[in-house]
Amino acid sequence: MKNAWKGKISLGLICLTVGILQAGAQIQNANVLNEPIDVSKDFEDYSNTFYFADELVSFNPEAGEGTVKYKRHTYQTSQAFNNMLMKPDTVAANEFPATEYEASPELPFKIQFVSDRTIRIKMASGPQFHNQEESLMLINGTAPSNPEAWTYSKIEGGHQYIGEHGKVEILTQPWHVKLYDKNGKLLTSTLHKTDLQNTYTPVLPFSYVRRNSDYSRSMAAVLSMEPGEKIFGLGESFTQFNKRGQKVVLWVDDANGVQNETMYKPIPFYMSSRGYGVFMHTSSPITVDFGKYFNAANNMMIGDDVADLFFFLGEPKDILDEYTDLTGKTEMPPLWSFGFWMSRITYFSEEEGREIASNLRKHKIPSDVIHFDTGWFDVDWRNNYEFAADRFDDPVDMMADMREDGFHVSLWQLPYFTPKNTLFDEIVENELAVKDRKGNIPYEDAVLDFSNPKAVEWYQGKLRHLFDQGVGVFKVDFGEAAPSNGIYHSGRTGFYEHNLYPLRYNKAVAELTKEEKGYSLIWARSTWAGSQRYPLHWGGDAATTNTAMSATLRGGLSIGLSGFSFWSHDVGGFVTAAPEDLYRRWTPFGMLSSHVRSHGEPPTEPWLYNESFLQAFRKADNMRYELMPYIYAQAKESSEKGLPMMRALFVEYPDDAGSWLVDDQYLFGSSMLVAPLFEEVSGRQVYLPEGKWIDYQTNKVYETGWHTIEAGDIPIIVLVKDGTVIPHIKLAQSTQAMDWTNLDLRVFAAEGTNSASGEIFLPEGDAVQTITVSKRVNNFEVTENPLSGKTTFRTQWQK
């Protein structure tokens, strides 16, 4: 079969492969097109002028508004024993006439209490004549206000607000904003110049820069960092999990892989192990130095001339809940999306698609989605929203037949239109593309301008026609190359629109999908804050290596700590044909992710390897489909609480110090712990948080701590928390064939554990239900069935 497949490689596939090799990945920091904008350079340029936040000049505690005076500084140099020193010092004004400009400007400061856990601080570096009344990043356009949750009092040297979960102090001279938890522990504080007098290192305090090149301004919100503090989040970051000691550039980028510092999915939100989180509410480029330059300073260098910061108090679950209350929780996608997605780059014809569907059923590979990637057009990659007539005899009939057999069809597309695209002239002539300063287009391609309602309407019309033909979901690919110097219909340049572009793009497709199909579902690569509202996203173009597999997990954990409940990745990697052993180990990792797709350079279809591999793939896939009641219930609960399906251990165990140190294993939902095999080995070291854990495959019981554990028949280590009911369903070849009226409750309980519980959410159900079982002699029995009349249960004690 494998040799037969090799003989059928089409000329189009060969051209595609050559095209990918020629495209390659750009070298970063090379001053080339779409290189991420690192605003930290402006804060290191001694030719610029800096204004340090100094004192609170006025403040109205009822309104939470006042003014802060800023002292003017520049870098001064001195030479000492052949060493050039550079540090900031105060300077006089240099404007003329001196009577017209402030040497030490007094600028707005505002504090707003959004909820009992969320505080907003907003500071401007100059007058704001064009305020955006609504923000696309916020779920309702604006942030709510709940000042009643906090009590004000005047204190010596300033002001104080106390709430149920913490305290905020605003000190007058020197100016500080200090955040405390409910027990009075200092979480973080703004840094003033006087805080840095006990070091020779020249460190910027809370300030803003005025560029001498054009007089534009950007804020540096500088906070204290404490010993042992750890930082997590910032989107789908593939570098080390803990961001302490790193400098992170938040600029949407085609990362060309999962093993470098740039990101498809940067999110201006992070959380600290000390019990707070921060959302930097802007779409401008941001560079954050988490103690890389000076280990006691967290320097948020914000491209915007306003620092608009939301602080969240609490444990990780509290922080994620608050952040997603503000920016939006993930909508629950349809049941079939949790099934297996079969894909490669690419299926070129109806014949190929039908053959794939037939083989999936023939080889008993449970699956729900067949994806057509870049080759369903007349010319590969030339996106014109039309099936190639010479290769798709009747796509409507094809999709109807597939749907009857339990398959939904996914189609690739992107928002860039090459000059030879049949839609290019229409887009440019109707002014639907991003423009340059002259009114032309900045690139050779026309980039659809999603800030233009007419462009969105035109675009959605193209997709609507395909939905009418039977398409189930669209792959929302690319979106990272919105021109940084472009002029957008919104009236703003790419400095503000570039990062916002993926959010607009995700929104346009997801909202149309909801309108046309009744569910919210996309398959997207790029994001910004708020994109989590529009599920779902996958990890981009991973290499087919062990290191890429492990980096993929770090990226998934990181974006899960950035408000995204659902996330997937290309099983086996993308760039080249996956080595058999790697693909074998990656498969159960994919099957124990919120969503799962095999995709990349062929072969990706398991029957094209060998019989042994096919059986291993089938076992992992069968495991997922039998686990669907657990997956579906955990997905529903995650979407309601702003939690990730794939979650870092400390989300569930914040008081377990060891859980903050682990980045190569995860919790799948609340009760299953997963440790993939990142090398060609049969077992590995696994850290178990507090309590007892039971091996899903062998039923062996482990206590908390480090253990060397051998994988079971399926090459992955999976453990279940003691006292957990994991609901299973009879194996079916698609989710539409599943029988939810009869479920098996597998009880994972160590000796001495007399009760267990788990969650169930039925398709078309109203809410997640908790099922509790109690020990009766040699088995467990359901004590009460909240789904009586809908579902019957059979219990099985895993011992």
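Biologist: I'm new to this one. How much of the protein is made up of buried residues?

Modeller: Buried residues account for 61% of the 799 residues in the protein. Keep in mind that this is a predicted model. "Buried" here means a relative accessible area under 20%.

Biologist: And what does the protein expose?

Modeller: About 30600 Å² is exposed, and carbon and sulfur atoms supply 48% of that.

Biologist: How many helices and strands should I look for?

Modeller: You'll find 14 helices and 44 strands in the protein. As for overall form, its radius of gyration is 28 Å, close to the 28 Å that the globule rule gives for 799 residues, so the protein is as compact as a globular protein of that length. If you draw a box along the principal axes, the C-alpha atoms fill roughly 85 × 70 × 55 Å.

Biologist: What share of the contacts join residues at least 24 apart?

Modeller: Take the contacts between residues at least 6 apart in sequence: 67% of them join residues at least 24 apart.

Biologist: Could you show me a single buried residue?

Modeller: Try G479, in the loop between β25 (473-476) and α8 (494-497). Its relative accessibility is 0%, so G479 counts as buried.

Biologist: Which residues does G479 touch?

Modeller: Leaving out residues up to four places away in sequence, G479 touches V252, P415, Y416, Y501, P502, Y505 and S526. You can also check a distance: the C-alpha atoms of G479 and L448 are separated by 9.8 Å, and these two residues are 31 residues apart along the chain.

Biologist: Let's move to helices. At what angle do α12 and α13 pack?

Modeller: Helix α12 (residues 611-626) and helix α13 (residues 628-641) pack at about 55°, and their axes are 5 Å apart. Angles under 35 degrees count as roughly parallel, and 65 to 115 as roughly perpendicular. The pair α12 and α13 is therefore oblique.

Biologist: Which residues of α12 and α13 meet?

Modeller: From α12 come R624, Y625 and E626, and they meet M628, P629 and I631 of α13. Sorted by class, that contact has four nonpolar residues, two charged ones and no polar ones.

Biologist: What is the usual rule for phi and for peptide bonds?

Modeller: Most residues other than glycine have a negative phi, and most peptide bonds are trans. Now for the cases that go the other way here. F81 is not a glycine, yet its phi is positive, near 50°.

Biologist: Where is F81, and is it buried or exposed?

Modeller: F81 sits in the loop between β2 (65-80) and β3. With 82% relative accessibility, F81 counts as exposed.

Biologist: What about V777?

Modeller: V777 isn't a glycine either, and its phi is positive at about 60°. Look for V777 in the loop between β42 (769-776) and β43 (779-784). Its relative accessible area is 72%, so V777 is exposed.

Biologist: And which residues does a cis peptide bond join?

Modeller: One cis bond joins F96 and P97, with omega about -5°. P97 belongs to the loop between β3 (83-90) and β4 (106-113). Another cis bond joins P535 and L536, where omega is about 5°. L536 is in the loop between β26 (523-524) and β27 (537-538).

How values were computed: Residues numbered from 1 in each chain as written. Predicted model: local features only at pLDDT ≥ 70, side-chain atom pairs only at ≥ 80, totals over all residues. Heavy atoms only, no water. Axes fitted to C-alpha atoms, helices over the stretch in contact; angles between N-to-C directions. Helix = DSSP H or I, 4+ residues; strand = E, 2+ residues; numbered from the N terminus. Parallel < 35°, antiparallel > 145°, perpendicular 65-115°, else oblique. Contact = heavy atoms within 4.5 Å. Nonpolar A, V, L, I, M, F, W, Y, C, P; charged D, E, K, R; others polar. Buried < 20%, exposed > 50% of the residue type's maximum accessible area, 1.4 Å probe, protein only. Rg over C-alpha atoms; globule rule 2.2 N^0.38 Å. Areas by Shrake-Rupley, 256 points an atom, 1.4 Å probe, with all protein chains shown as cover.
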